[in-house]
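Colleague: Could you walk me through this one, starting inside and working outwards? I'd like to hear the reasoning behind each answer.

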Amino acid sequence: MNDFTYSIPTTVFFGKGKLSELGPALKERGDRVLMVYGGGSIKRSGLYGAVIDLFRANGLTWAELPGVDPNPRVTTVREGAKICKEQGIQMVLAVGGGSSIDCAKAVAAAARYDGDAWDLVLDGSKIREALPVFAVLTLAATGSEMDAVGVISNLETREKLVIGHPSLRPAAAVMDPTYTFSVPAAQTAAGTADIISHTLENYFTRTEGAYLQKRMAEAVLKTCIHYGPVAMREPENYDARANLMWASSWAINGLLNLGCGVAWTVHPLEHELSAFYDITHGVGLAILTPHWMRYVLDRGGEKDFAAYGVNVWGIDPSQSQRTIALQAIEATADFFQKELGLPATLREVGIGEEKLAEMAARTPTMGLDQSFCPLSAEDVLNIYRAAL
């Protein structure tokens, strides 16, 4: 196991009615807040009104940045940073899912930067400080409520890239599972696939001796496999929603990869898809993951996939490693497609051969040479083509 430093300073207010605890946490940082959110769902659910009431009850003044897209745009970040600078905003509160939180993080950094917001996405070392970020979570998926990174899209350059800095980890997050009761089944499925993919990215590592991290990752995976379909069938099942919400945080808040030396693979491949085609992130991950697994199986992945099959899917360990590994990969594909109802191919989401080579050509700069099974641009193109 590798050396590491552990710090997850986010205060989590988890459970029913925990929004009330956010007011004092905000007041500790000032009295002027920017609320960042997406569409009208938080207004229809009554959450928007509850947050406004909280502001008023705690003597806070606020501005709003609505309309955050599912793949948040740098143009929206620029708008938010402008509001912060002009109105003396002291903190940023995201109300919504990962897209709103990611956007809020980028806004918080850009508000303390004199140049263009996209500079900070291209080069995180330019982030010196950021406004405090807070979150009220309404979708279990990205884990952005407890991590220090976000993903921002630039439609002009067709890039979808990560912005990250320790100062972007939320100071506090409200995680009330009842806020996810109204999430449609399709979004629940995509969110579950996202959590699973985050966990798999951490799980498949070449670092020896990370036994504990592997077992914790398996617990997160089994939680998603058990509760994802339950939440789709029973959207107001509190235990299902609560377990998925907590799993989303622990899949990516750093715990599972501490000491493991992880370089992510499927996420960079999917970011190219959604940068070019603006598809739902979790859907793209569900399509690509089984194809990536099949591609790297014979590149040193057999032992790890066999362990995954036995410990996560309960496959008979008396069989050969290869047999177990193949069954594990098919179990993964079947879960995404049959249990969650997600697409199996790129063509199903409107992606053909046309831009695959262009997308693959951009991936060598993404650290894939250091991943679980190193991939070249040619390898990436082969995976894309297999997924058609």
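What follows is a conversation about the packing, salt bridges and backbone of this predicted model.

Colleague: Happy to begin with the core. Which helix gives the most to the largest nonpolar core?

Modeller: That core has 102 residues, and L34, F204, W292, F305, Y308 and Y384 touch the most other members. The helix that gives the most to this core spans residues 281-313 and supplies 13 residues, and that helix is α11.

Colleague: And how many residues are in the second, separate core?

Modeller: Its members include I42, Y48, V95 and F134. This core is separate from the one above, and its number of residues is 24.

Colleague: Let's go back to L34. Which residues does L34 touch, not counting those up to four places away in sequence?

Modeller: L34 is among the residues that touch the most other members of the largest core. Leaving out residues up to four places away in sequence, its partners are A63, E64, L65, G80, I83, C84, I89, M91, V92, L93 and V107.

Colleague: Now a helix I was curious about. How wide is the arc that the buried residues of α3 cover around the axis?

Modeller: Helix α3 runs over residues 47-57, and its buried residues are L47, Y48, V51, I52, L54 and F55. An α-helix has 3.6 residues a turn, so residues three or four places apart point the same way. The buried residues sit on the same side of α3, because they cover an arc of only 155°.

Colleague: Which exposed residues are on the face of α3 turned away from its buried side?

Modeller: The buried residues of α3 pack against α1, β2, α2, β3, β4 and β5. On the face turned away from that buried side, the exposed residues are R56 and A57.

Colleague: What comes just after α3, with a positive phi?

Modeller: The helix α3 ends at residue 57. The residue that follows has a phi near 70°, and it is G59.

Colleague: On to charges. How far apart are the closest N and O atoms of D147 and K105?

Modeller: The two residues come from distant parts of the chain, D147 from the loop between β5 and β6 and K105 from helix α5, 42 residues apart. D147 is buried at a relative accessible area of 4%, and K105 is buried too, at 0%. They form a salt bridge, and the closest N and O atoms are apart by 2.5 Å.

Colleague: Why can the salt bridge of D298 and R322 be said to tie together separate parts of the chain?

Modeller: The closest N and O atoms of D298 and R322 are 2.5 Å apart. D298 is exposed, with a relative accessible area of 55%, while R322 is partly exposed at 33%. The pair ties together parts 24 residues apart in sequence, because D298 lies in helix α11 and R322 in helix α12.

Colleague: Which residue forms a salt bridge with R322 at 3.7 Å between the closest N and O atoms?

Modeller: The partner lies in helix α11, 20 residues from R322 in helix α12. This partner counts as partly exposed at 25% relative accessibility. The residue forming that salt bridge is E302.

Colleague: How many salt bridges does the count come to?

Modeller: Beyond the pairs above, D69, R73 and D278 are linked in a network of salt bridges. The count comes to 18.

Colleague: D278 came up there. What is its phi?

Modeller: D278 is found in the loop between α10 and α11, and it is partly exposed, with a relative accessible area of 40%. Most residues other than glycine have a negative phi. D278 has a positive value, near 55°.

Colleague: Where does R158 lie, given its positive phi?

Modeller: R158 is a residue other than glycine with phi near 55°. R158 is partly exposed, with a relative accessible area of 33%. It lies in the loop between β6 and β7.

Colleague: One last stop, at the surface. Which residues make the nonpolar patch of about 340 Å²?

Modeller: One of them lies in the segment before β1, namely M1. The residues that make this patch are M1, F4 and Y6.

Technical notes
Residues numbered from 1 in each chain as written. Predicted model: local features only at pLDDT ≥ 70, side-chain atom pairs only at ≥ 80, totals over all residues. Heavy atoms only, no water. Patch = residues over 30% accessible without salt bridge, like charges linked within 9 Å, V, L, I, M, F, W, Y side chains within 5 Å. Areas by Shrake-Rupley, 256 points an atom, 1.4 Å probe, with all protein chains shown as cover. Salt bridge = Lys/Arg side-chain N within 4 Å of Asp/Glu carboxyl O. Helix = DSSP H or I, 4+ residues; strand = E, 2+ residues; numbered from the N terminus. Core = buried A, V, L, I, M, F, W, Y, C linked by side-chain atoms within 4.5 Å. Buried < 20%, exposed > 50% of the residue type's maximum accessible area, 1.4 Å probe, protein only. Contact = heavy atoms within 4.5 Å. Arc of directions from axis to C-beta.
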